[in-house]
Amino acid sequence: MTGPKNLEAKAIHLKYSWTRHCNVVLFMSSTTNDSFPTIGLNTKEGRDQLYWKTIRAFQYIHKNYSDQADWFFKADDDTYVVVENLRWMLSNYTSDQPVYFGKRFKPFAKQGYMSGGAGYVLSKEALNRFVDGFHTGVCQHTTSVEDLALGQCMEKMGVIAGDSRDTEKRETFHPFPPESHLTGHFDKSFLVLELLFLSNCGDHVTWAQSDDITVLCRSHDRMSAQTQEEPWGNWEHGAIIRRPLLMHPMILFALAAAAWHWLLQSFNGAILL
């Protein structure tokens with residue numbers, strides 16, 4: 001999945017690296033580019049268009065390529081995949097099983113959902129059920145949060161969220177930059193926004209707090225997550241409540257250091273340490 005502005009900056013590196021190990025490679029974009037080439041999905045660009053692009057991409061693949069592969073991997077243009085390892089993992093399953101794999105996040109769906117950043121792979125049966133879900137109206141475009149929405153559709157259609165960990169229970173799909181996984185340091189604010197604020201709140205109050213951000217989601221009968229296109233666009237449904245900037249520990253420390261320096265200067269060094 002890519003966009004017109006990313007073809008020469010990002011997608012081209014995928015084109016000449018790991019995607020060569022796939023049987024079929026399709027670059028999906030909002031518009032058609034015959035020279036790259038890309039398949040135009042007739043959508044706009046932007047984060048709020050991700051799920052529309054994903055829906056239409058899978059519908060296109062189902063119509064034109066479903067008989068050319070057994071597994072269908074969706075990745076963004078900043079993802080790197082060791083295809084041989086992916087094939088090894090999938091060798092334990094058959095494509096007629098209703099299952100899909102990725103890095104599973106747990107909130108907002110009973111069986112969780114797969115991170116879009118890490119990419120996810122659908123069996124042929126999972127692809128069939130996903131497309132059928134929109135054909136029958138069981139699944140709808142309820143939110144632009146692509147990975148969560150797809151996971152909720154999969155759950156409705158009886159597609160299992162598979163376990164992609166290796167034999168030692170180590171993760172094989174990684175949704176964050178390599179340095180984050182190597183060092184174990186993650187942006188907590190990003191995690192909260194990604195997993196809570198930008199997701200459907202459900203029918204109850206949900207909140208989480210990191211070092212400098214608190215997220216509160218509240219749903220109402222008259223404005224449920226299932227009927228709101230962008231639930232976080234209304235203050236009554238979702239709200240970010242940040243601590244006052246001056247209350248951040250690092251800001252307080254810097255202010256205290258500056259105040260101490262000012263005192264020393266004011267007394268011309270009369271204070272002995």
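## Overview of the chain

Of the contacts in the chain with a separation of 6 or more, 61% are between residues 24 or more positions apart. The structure described here is a predicted model. Its chain has eight helices and eleven strands. Of the 273 residues in the chain, 41% are buried.

The sections below take up an open sheet, the helices H3, H2, H5 and H4, and several individual residues in loops.

## The four-stranded sheet

Four strands form an open sheet in the order S3-S7-S4-S8, and their pairing is mixed. Strands S3 and S8 (160-161) are the edge strands, each of which pairs on one side only.

Within this sheet, S4 and S7 run antiparallel and are joined by two bridges. Tyr100 has Leu122, in S7, as its bridge partner.

## Helix H3 and its two faces

Helix H3 covers residues 83-90, and its buried residues are Val83, Leu86, Met89 and Leu90. Viewed down the axis of H3, these buried residues fall within an arc of 120°, so they line one face of the helix. A general property of helices is relevant here: an α-helix has 3.6 residues a turn, so residues three or four places apart point the same way.

The buried residues of H3 pack against three strands, namely S3 (71-74), S4 (99-101) and S7 (120-123). On the face of H3 turned away from the buried side are the exposed residues Asn85 and Trp88.

## Helix H5, a largely enclosed element

Helix H5 spans residues 146-156. Nine of its eleven residues are buried, so H5 is largely enclosed by the rest of the structure. The buried residues of H5 are Glu146, Asp147, Leu148, Ala149, Leu150, Gly151, Gln152, Cys153 and Met154. After H5 comes Gly158, which has a positive phi, near 75°.

## Helix H2 and its two partners

Helix H2 (residues 50-64) packs with H5: the axes of the two helices come within 8 Å and cross at roughly 50°. That angle makes H2 oblique to H5. The crossing in which H2 passes H5 is right-handed. On the H2 side, Leu50, Tyr51, Thr54 and Phe58 take part, and they meet Glu146, Ala149, Leu150 and Cys153 in H5.

H2 also packs with H4, at an angle of about 115° and with the axes 10 Å apart. Here the crossing is left-handed. The H2 residues involved are Tyr51, Ile55, Phe58, Gln59, Ile61 and His62, which meet Leu127, Asn128, Phe130, Val131 and Phe134 in H4. Tyr51 and Phe58 of H2 are thus listed among the residues that meet H5 and among those that meet H4.

## Ala126 in helix H4

Ala126 belongs to helix H4, which covers residues 124-136. Ala126 is buried, and its relative accessible area is 0%. When its neighbours within four places in sequence are left aside, Ala126 is in contact with Gln97, Pro98, Val99, Met154 and Val159.

One of these contacts is with Met154, a buried residue of H5. Ala126 and Met154 are separated by 28 residues in sequence, and their C-alpha atoms are 7.6 Å apart in space. Another contact of Ala126 is Val99, a residue of strand S4 (99-101).

## Backbone features in the loops

The peptide bond from Phe36 to Pro37 is cis, and its omega is near -5°. Pro37 is placed in the loop between strands S1 (28-29) and S2 (39-40).

Two residues other than glycine have a positive phi: Asn42, with a value near 60°, and Lys169, with a value near 65°. Asn42 is located in the loop between S2 and H2, and it is exposed, with a relative accessible area of 67%. Lys169 is located in the loop between S8 and helix H6 (178-183). Lys169 also counts as exposed, at 54% relative accessibility.

Note on methods. Residues are numbered from 1 along each chain as its sequence is written. This is a predicted model: local features need pLDDT of at least 70, side-chain atom pairs count only at pLDDT 80 or more; totals for chains, interfaces and linings use all residues. Side-chain values use heavy atoms; hydrogens and water are left out. Buried means under 20% relative accessible area, exposed over 50%, partly exposed in between (1.4 Å probe, protein chains only). The arc is that of the directions from the helix axis to the C-beta atoms. Contact means heavy atoms within 4.5 Å. Two strands pair if DSSP finds at least two bridges between them. Axes are lines fitted to C-alpha atoms, for helices over the stretch in contact, and angles run from 0 to 180 degrees between N-to-C directions. Angles under 35 degrees count as roughly parallel, over 145 as roughly antiparallel, 65 to 115 as roughly perpendicular and the rest as oblique. A crossing is left-handed if the near helix is turned anticlockwise from the far one by less than a right angle, and right-handed if clockwise.
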